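Welcome! Take a moment to look over the sequence and the 3D view, and then use the notes below to find your way around.

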Protein chains: 2
Amino acid sequence: MKISELAKKVGISAHTLRYYEKAGLLSPSQRNQNNYREYTQEDVATTKFILACKESGFSLAETSALLAIKDNKDQHACAEAKLITRNKIEEISQQISQLKNMQTTLIDLEKYCCGGPESAEFCTIISTLEGDS
Amino acid sequence: MKISELAKKVGISAHTLRYYEKAGLLSPSQRNQNNYREYTQEDVATTKFILACKESGFSLAETSALLAIKDNKDQHACAEAKLITRNKIEEISQQISQLKNMQTTLIDLEKYCCGGPESAEFCTIISTLEGDS
DNA sequence: CTTGACCTTCGAGCATACTCTAAGGTTTAT
DNA sequence: ATAAACCTTAGAGTATGCTCGAAGGTCAAG
Ligand SMILES: [Zn+2]
Ligand SMILES: [Zn+2]
Ligand SMILES: [Zn+2]
Ligand SMILES: [Zn+2]
């Protein structure tokens, strides 16, 4: 199938598919006589794999590593896949806790501000940010 | 004081200070006769305000809006500061729940994988990503 | 008088994952 | 024959917040 057919089938743009190819994630098995990309069912599966990785939060680089395992399973160990996944879990945990800290700070900031239409002269949000602790 | 003194005092680089200036966040009150930036105590306070905003998770654009309130309190209402803060809280909540979804997906992915040194032929991480559900 | 440590501006580079355009070639239908 | 609807490539643009470098001016010490 041609690129836009694949694009439609998996729900992303042809542009993005070409981008993934440039990033080394997905190369169609062949080109036809006009140099058009020709995708197979296996390419569809690969594309879906890429999208599943994306759904799970993996970057394109990590996805690339997972694809290498998928495409050559007997040359890779379970340990590799697990390590990538664990690292990602750790990374996301850190992001979550950082965001939670911000959330806490923001909620503290917001809760004493009256939010009314009067002058911000005594606004607790502003004065807290000013360091009037 | 000159730029590197301020930089040192607040713990960021002179480059970043100039960047903040270009972004409209912080302009030194004056230049000296050599065109060197001259910062005052008020500029120090402004810089600290910017860093407090950053700590809380505000973008430079949001920080800019908060600075405008701080610098002209009687022309602004509490409502403005509160709205900015609330929007940020909402935005961060969404980011957190998105990350939590990924986290859940990743943990499910990881938990059945043995993580051993054998071939990834039956790796549950890979097969789940392949869609063998 | 030269060395080193400052300062200035402008502009490029980084990271990520696209997104789109331009210029050109091909296919298909009417 | 021609227009619509595809396809190709290379490269620029988007967003954010820095980060760095180049080229040049200034200043103080020895
Ligand atoms: Zn109020
Ligand atoms: Zn308030
Ligand atoms: Zn295993
Ligand atoms: Zn496994």
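Let's start with a single contact: an N or O atom in the side chain of B:K54 lies 2.7 Å from a phosphate oxygen of DNA strand D. Keep in mind that this is a predicted model. From here we can look at the other residues around the DNA, and then at how two helices pack.

**Around DNA strand D**

- The side chain of A:R31 also has an N or O atom by the backbone of the strand, 3.1 Å from a phosphate oxygen.
- B:Y36 reaches a base instead: an N or O atom of its side chain is 2.8 Å from a base nitrogen of DNA strand D.
- Two elements give two or more residues each to the surface near the strand, namely α1 (3-10) of chain A and α2 (14-22) of chain B.
- With four residues, α2(B) provides the largest share of that surface.
- There are 17 residues around DNA strand D, and those that come nearest are A:S4, A:R37, B:Y19, B:N34 and B:K54.
- Of the strand's atoms that come within 4 Å of the protein, 69% belong to sugar and phosphate.
- Sorted by class, the surface near the strand has six nonpolar, six polar and five charged residues.

**Two packed helices in chain B**

- Helix α1 (residues 3-10) and helix α3 (residues 41-56) of chain B pack at about 45 degrees, and their axes are 11 Å apart.
- That angle is why α1(B) and α3(B) are described as oblique to each other.
- Their crossing is right-handed.
- On the α1(B) side, the contact is made by B:L6, B:K9 and B:V10, while α3(B) brings B:Q41, B:V44, B:T47, B:K48 and B:L51.
- These contact residues divide into four nonpolar, two polar and two charged.

Key. Residues are numbered from 1 along each chain as its sequence is written. Chains are lettered from A and ligands numbered from 1 in the order in which they are written. This is a predicted model: local features need pLDDT of at least 70, side-chain atom pairs count only at pLDDT 80 or more; totals for chains, interfaces and linings use all residues. Side-chain values use heavy atoms; hydrogens and water are left out. Axes are lines fitted to C-alpha atoms, for helices over the stretch in contact, and angles run from 0 to 180 degrees between N-to-C directions. Angles under 35 degrees count as roughly parallel, over 145 as roughly antiparallel, 65 to 115 as roughly perpendicular and the rest as oblique. A crossing is left-handed if the near helix is turned anticlockwise from the far one by less than a right angle, and right-handed if clockwise. Contact means heavy atoms within 4.5 Å. Ala, Val, Leu, Ile, Met, Phe, Trp, Tyr, Cys and Pro count as nonpolar, Asp, Glu, Lys and Arg as charged, and the others, Gly among them, as polar. A residue is near a molecule or strand if one of its heavy atoms lies within 4 Å of it. A polar contact is a pair of N or O atoms within 3.5 Å; within protein, one must be able to donate a hydrogen and the other to accept it, and residues adjacent in sequence count only if both atoms are side-chain atoms.
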